Amino acid sequence: MKTWQCVVCGYVYDEAQGDVEHGIAAGTRWADVPDSWSCPDCGVAKSDFEMVEV
Amino acid sequence: MNRQPVVIIGSGLAGYTVARELRKLDSETALVILSADHGGFYSKPMLSNALGQKKSVDSLLIKDAAQMAADLKAEVRAYANVSAIDPERKQVTVDGAAISYGKLVLALGADPIRLPLEGDGAEAVLSVNNLDDYRRFRAAAEGKKDIAILGAGLIGCEFANDLVAAGYRVDVIDLAPQPLGRLLPPASAAFLQRRLEAAGVRFHLGTTTQRVERSEERFSLSLANGEILAADAVLSAVGLRPRTAMAQAAGLKINRGIVVDRLLLTSADGIYAIGDCAEIEGKVLPFVLPIMQAARALAATLAGQPTPVRYPAMPVVVKTPACPAVVSPPEPGAPGEWLVEEGENGVKALFQGGGTVLGFALLGTAVAEKNALSAQLPAVMG
């Protein structure tokens, strides 16, 4: 499980936690997060996201 | 197709997001980005929580100017000195030479407000509003122990939390009686203050810093309440003032920021303003979400589809891990009152007026309700 960070706002996506509130189950790998997902803090689309591994 | 280039002054989040969104709609029009600094892209919100995440300053730079230029099919000019705008000729003066624009975007940002301070250490007080500032701050704090922060607002609290997490001793001074003064009702602020104090932050509220003196390698701060604090470095975080001087000199309409309409158009034909320098319908909103919304609208407008900006409710996440917080303050002067539900591990405060929720401040475990509550909020600018 890896941790990723939004390059726009600093939001951290932890694969172990997922983003349950937005339908992303705990344990979802970043690669498996759908393209329709957007950053919950800044609204940037996944395709713009350029998450960096923390 | 535009024959003259789109010129963007500013390479912060606003400038680069407009460029990126524009390229999704228009890959042809020449694009010139003028940067006052190195022109690289980085996340400004990350500056105030980089230490706790053990990030080096260099690792915060996501892409340098050359990479950004390649990605955006743009000319990115680093260390460009833009001295004037000529709205009549549609030209900007850069390093002494004129560049013509078809459309001009002012993404100039804001300057940190500096408090008037006495003493021979006053000029050594640091502000952090960009990556180079942050590099100076980290160098000043490297290997040291005591940091004083002027200002208990959002940036002051975030830096305080980050510094104590990294082992520093931190004093925060603010004239307000509580942290995050303008964003929280008193009961919520008291909870945040307790959490940050438990993490090691020392608050000095309801007073101001009057003097900063050099004292050997350190600084001595004299507060209005008589306290004397010692610090290795002093960080000022008391707010931002939109950069308007160049627009004003060009005859553009200025109020608190550069005045723009819903299309982000200034009072001059073909000149737009966005981000921390811009004032839209009286609002200056120096946060990430408004910039993202505005950048998408402006990109469409620049690409030939005039698109007014709309702001939904835009809660602001405060990056204080000792007390997670998300706030969506009501409109200034909105009639209503705060209703506060305080639990052991969180505080939920709703600002209610006319039977509806107009704003909220969620702390600790209450942040889990952010999405449900955000859906109930009115749009900031519908």
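**Internal space, ring contacts and cysteines**

In this predicted model, the search for enclosed space returned one cavity of 30 Å³ or more. The volume of the largest cavity is about 80 Å³. Its lining is drawn from chain B and consists of B:L264, B:I274, B:G275, B:A278, B:I280, B:K283, B:V284, B:L285, B:P290, B:I291, B:A294 and B:Y311. Sorted by class, ten of these residues are nonpolar, one is polar and one is charged. Two elements of chain B, β22 (278-280) and α9 (288-302), each contribute at least two residues to the lining of the largest cavity. The greatest contribution comes from α9(B), which supplies three residues.

Open space was examined as well. The second largest pocket holds about 900 Å³ of space. Its lining comprises 31 residues, and those nearest the pocket centre are A:Y11, A:V12, A:D41, B:V317 and B:P324. Strand β2 of chain A gives two or more residues to this lining, as do α6 (154-165), β23 (316-318), β24 (325-328) and α10 (370-374) of chain B. By class, the lining of the second largest pocket contains 13 nonpolar, eleven polar and seven charged residues.

Aromatic contacts were then surveyed. Over all chains, the whole structure contains ten aromatic pairs. One of these pairs is formed by A:Y13 and A:W30, whose ring centres are 5.6 Å apart and whose planes meet at 50°, an arrangement classed as tilted. A:Y13 belongs to strand β2 (residues 12-14) of chain A, whereas A:W30 lies in the loop between β2 and α1 (46-49) of chain A; the pair thus links distant parts of the chain, 17 residues apart. Both partners, A:Y13 and A:W30, are buried.

A:Y13 also pairs with A:W37. The ring centres of A:Y13 and A:W37 are 5.9 Å apart, and the pair is edge-to-face because the planes stand at 65°, above the limit of 60 degrees for that class. Since A:Y13 is in strand β2 of chain A and A:W37 is in the loop between β2 and α1 of chain A, this pair ties together parts that are 24 residues apart in sequence. A:W37 is buried, as is A:Y13.

These contacts form part of a wider arrangement, in which ring pairs join A:W4, A:Y11, A:Y13, A:W30 and A:W37 into a cluster. One member of the cluster, A:W30, has a further contact: A:K46 lies over the face of the A:W30 ring, at 5.0 Å from the ring centre.

Finally, the cysteines were considered. A disulfide is a covalent bond between the sulfur atoms of two cysteines. The search of the whole structure found zero disulfides over all chains. For A:C42, the closest cysteine sulfur is that of A:C39, and a bond is ruled out because the separation of 3.7 Å is too far; the cut-off for a disulfide is 2.5 Å. A:C42 counts as buried, because its relative accessibility is 1%. In chain B, B:C157 likewise takes part in no disulfide, and the nearest cysteine sulfur, in B:C323, is 9.4 Å away. B:C157 is buried, with a relative accessible area of 1%, a value under the 20% limit for burial.

Notes: Residues are numbered from 1 along each chain as its sequence is written. Chains are lettered from A and ligands numbered from 1 in the order in which they are written. This is a predicted model: local features need pLDDT of at least 70, side-chain atom pairs count only at pLDDT 80 or more; totals for chains, interfaces and linings use all residues. Side-chain values use heavy atoms; hydrogens and water are left out. Buried means under 20% relative accessible area, exposed over 50%, partly exposed in between (1.4 Å probe, protein chains only). On a 1 Å grid over the protein atoms alone, a cavity is a set of points where a 1.4 Å probe fits but cannot get out, and a pocket is an open set with protein on both sides within 12 Å along at least five of seven lines; lining residues have an atom within 4 Å of a point. Grid points are joined across faces, edges and corners, and a volume is the space filled by probe spheres set on the points. Helices (H or I, at least four residues) and strands (E, at least two) are DSSP runs, numbered from the N terminus. Ala, Val, Leu, Ile, Met, Phe, Trp, Tyr, Cys and Pro count as nonpolar, Asp, Glu, Lys and Arg as charged, and the others, Gly among them, as polar. Rings of Phe, Tyr and Trp (its six-membered ring) pair if their centres lie within 6.5 Å; planes under 30 degrees apart count as stacked, over 60 as edge-to-face and the rest as tilted. A charge sits over a ring if NZ of Lys or CZ of Arg is within 6 Å of the ring centre and within 35 degrees of the ring normal.
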